[in-house]
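Morning, everyone. I have a few minutes on one structure, so please bring it up on your screens.

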There are 2 protein chains.
Amino acid sequence: MSAAVAHEPLTRSVEDYLKAIYQLSPEGRPASTSEIANLLALSPPSVTGMVKRLSEHGLLEHVPYRGVQLTDAGRRAALRMVRRHRLIEAYLVEFLGYSWDTVHEEAERLEHAVSETMIERMAGALGNPSVDPHGDPIPAADGSILERACIALSDVPIGENVEISRVHESQPERLRYIASLGLRPGVQVTVVDRQPFDDLVTIEVGTDKQVIGRELGHALLCARKVKP
Amino acid sequence: MSAAVAHEPLTRSVEDYLKAIYQLSPEGRPASTSEIANLLALSPPSVTGMVKRLSEHGLLEHVPYRGVQLTDAGRRAALRMVRRHRLIEAYLVEFLGYSWDTVHEEAERLEHAVSETMIERMAGALGNPSVDPHGDPIPAADGSILERACIALSDVPIGENVEISRVHESQPERLRYIASLGLRPGVQVTVVDRQPFDDLVTIEVGTDKQVIGRELGHALLCARKVKP
DNA sequence: CCGAGATTTTAGGTTAGCCTAATACTGTAT
DNA sequence: ATACAGTATTAGGCTAACCTAAAATCTCGG
């Protein structure tokens with residue numbers, strides 16, 4: 001069952017497809033070809049074509065006109081890429097002076113090029129971390145992944161003090177903006193006010209007050225914090 | 001003249017061709033297509049085809065049936081790859097526990113994937129080294145390279161004490177063997193005897209004696225050492 | 001200086017991945 | 001129930017890089 005099969009090596013673009021499908025639906029709900037096309041910036045027919053090849057290789061199941069789901073083998077391969085990506089991000093931030101908002105594209109290329117050995121050495125140098133600089137959980141080498149419960153900042157009740165645990169955003173410009181507000185995983189914020197429309201929330205970070213709109217409010221995921 | 005042109009990005013295989021041609025002839029003597037084919041494990045017709053494309057892009061000059069020479073632009077691109085390769089090797093040995101005999105293939109993949117920024121960060125972390133773990137000089141970011149004079153171990157006179165400065169070999173198995181003999185850049189050896197045939201030399205490494213054959217004798221390059 | 005053998009190039013074919021345009025399917029709204 | 005809007009797939013093409021087989025060119029010994 002859990003035989004650690006020697007995979008035939010996957011191409012870069014296959015790895016990207018699998019990771020994208022996983023990210024569109026970590027829970028395994030079917031993903032549509034156009035969602036995939038959109039995420040990878042490809043045309044829908046290209047995705048249909050690749051999806052067909054991947055399902056022949058047993059990495060996913062495709063019901064025409066209905067969508068695509070990863071098989072166990074596909075999910076394993078996808079989680080492997082997620083692990084690589086997040087460990088590389090963590091390594092670059094810790095050892096090569098990257099900021100957590102600029103590290104994504106570097107990891108995007110390296111995740112395809114680095115050997116298993118090197119990944120595990122980087123993990124070791126980091127002390128086998130369980131989250132990356134964005135606060136996203138790093139899958140273990142065996143493919144297990146531990147998602148911690150969290151709540152969107154937009155949904156935190158007024159008066160409550162929470163710790164930002166994940167920043168769910170990949171556009172560099174937005175990430176720079178978020179960083180410039182002093183918001184990042186580990187920071188504590190208090191929701192001091194909420195506008196009745198548009199999900200606007202006012203938060204207190206240290207001594208500063210910020211107003212946060214809907215999109216950002218959903219990108220910032222928080223763990224509820226027990227008051228000291 | 002020395003305008004730092006923004007290159008259109010080169011593909012992985014173009015980078016490999018340029019590096020190969022440079023390595024076949026750092027001095028600029030023409031390289032034959034079959035030498036290139038041999039080094040890259042490709043068929044000669046494939047090389048002819050690529051060479052044609054590259055000469056159209058101004059990266060090399062090709063005189064049909066005669067051979068190939070890098071242009072200035074081609075040499076710059078090749079040296080850039082050599083710099084990347086050697087810095088990556090040095091980084092992996094220094095920070096990720098690689099041994100100098102196993103680091104080559106990892107670098108071979110990473111050199112195509114790493115950004116300029118990351119290369120310079122690695123160089124910084126290493127203190128801008130001038131040689132890699134094999135003792136090969138690392139070209140500067142501006143493309144200048146400093147080759148230090150050295151002599152093959154086979155040609156060192158009897159009785160002389162020298163320091164191994166470079167190990168010119170890329171096959172992992174041979175490198176492991178060399179490492180197992182305790183031979184690596186920085187080690188001092190004394191030539192104690194020489195057989196009149198086959199370039200066999202007997203050397204003293206610390207307290208051990210070794211007999212070295214022709215191929216190894218040419219792979220080990222030495223700087224003459226002033227006796228203390 | 002001529003031809004045999006080695007080297008190189010041309011000719012023609014394959015594969016992976018991408019594209020656009022045209023066609024087929026789905027589901028919803030009348 | 002049906003037509004229409006939206007989404008997905010098929011059809012047909014392109015490019016980069018590779019390959020093998022055949023033709024062209026070079027080199028060197030006699």
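I will take the two DNA strands, then the contact between the protein chains, then a sheet in chain A.

One caution before anything else. This is a predicted model.

Start with DNA strand D. Which residues come nearest? There are 21 residues around this strand, and the nearest are Ser34(A), Lys52(A), His62(A), Ser46(B) and Arg66(B). Notice the chain letters. Both chain A and chain B are in that list.

What part of the strand faces the protein? Take the atoms of DNA strand D within 4 Å of the protein. Sugar or phosphate accounts for 82% of them, and bases for the rest.

Now some individual contacts. In Ser34(A), a side-chain N or O atom sits 2.3 Å from a phosphate oxygen of DNA strand D. On chain B, Thr11(B) has a polar side-chain atom 2.7 Å from a phosphate oxygen of this strand. For Ser43(B), the corresponding distance to a phosphate oxygen of DNA strand D is 2.9 Å.

Which elements carry this surface? From chain A, α2 (33-40) and α3 (44-56) each give at least two residues. From chain B, α1 (12-24) and α3 (44-56) do so too. By class, the surface near DNA strand D holds 9 nonpolar, 9 polar and 3 charged residues.

On to DNA strand C. Here, too, 21 residues lie around the strand. The nearest are Ser46(A), Arg66(A), Ser34(B), Lys52(B) and His62(B). Of the strand C atoms within 4 Å of the protein, 80% are sugar or phosphate, and the rest belong to bases.

Three contacts to look at. Ser43(A) has a side-chain N or O atom 2.9 Å from a phosphate oxygen of DNA strand C. For Ser46(A), the distance to a phosphate oxygen of DNA strand C is 2.5 Å. From chain B, a polar side-chain atom of His62(B) lies 2.4 Å from a phosphate oxygen of the strand.

Behind this surface, α1 (12-24) and α3 of chain A each give two or more residues, as do α2 (33-40) and α3 of chain B. The class count near DNA strand C is 9 nonpolar, 9 polar and 3 charged.

Next, chain A against chain B. How many residues does each chain bring to the contact? Chain A brings 16 and chain B brings 16. The area buried between them is about 1,400 Å², with 59% of it from carbon and sulfur atoms. Leu96(A), Met118(A) and Arg121(A) supply 39% of what chain A buries against chain B, more than any other three residues.

What about polar links? Across this interface there are 0 salt bridges. There are, however, 11 residue pairs in polar contact.

On the chain A side, α4 (72-95), α5 (104-110) and α6 (116-126) each give two or more residues. Among the elements, α6(A) gives the most, with 4 residues. That side divides into 10 nonpolar, 3 polar and 3 charged residues.

Last stop, the sheet in chain A. It is open, with 6 strands in the order β3-β8-β4-β5-β6-β7, and the pairing is antiparallel. Why do β3 (151-152) and β7 (208-212) of chain A each have one side without a neighbour in the sheet? Because they stand at the edges, each with a single partner strand.

Follow β3(A) to its partner. The pairing with β8 (residues 220-224) of chain A is antiparallel and has 2 bridges. Look at Ile151(A): its bridge partner in β8(A) is Cys222(A).

That is the tour. Thank you.

Definitions and conventions:
Residues are numbered from 1 along each chain as its sequence is written. Chains are lettered from A and ligands numbered from 1 in the order in which they are written. This is a predicted model: local features need pLDDT of at least 70, side-chain atom pairs count only at pLDDT 80 or more; totals for chains, interfaces and linings use all residues. Side-chain values use heavy atoms; hydrogens and water are left out. A residue is near a molecule or strand if one of its heavy atoms lies within 4 Å of it. A polar contact is a pair of N or O atoms within 3.5 Å; within protein, one must be able to donate a hydrogen and the other to accept it, and residues adjacent in sequence count only if both atoms are side-chain atoms. Ala, Val, Leu, Ile, Met, Phe, Trp, Tyr, Cys and Pro count as nonpolar, Asp, Glu, Lys and Arg as charged, and the others, Gly among them, as polar. Two strands pair if DSSP finds at least two bridges between them. Contact means heavy atoms within 4.5 Å. Buried area is the accessible area (1.4 Å probe) that two parts lose on being put together, summed over both. A salt bridge is a side-chain nitrogen of Lys or Arg within 4 Å of a carboxyl oxygen of Asp or Glu.
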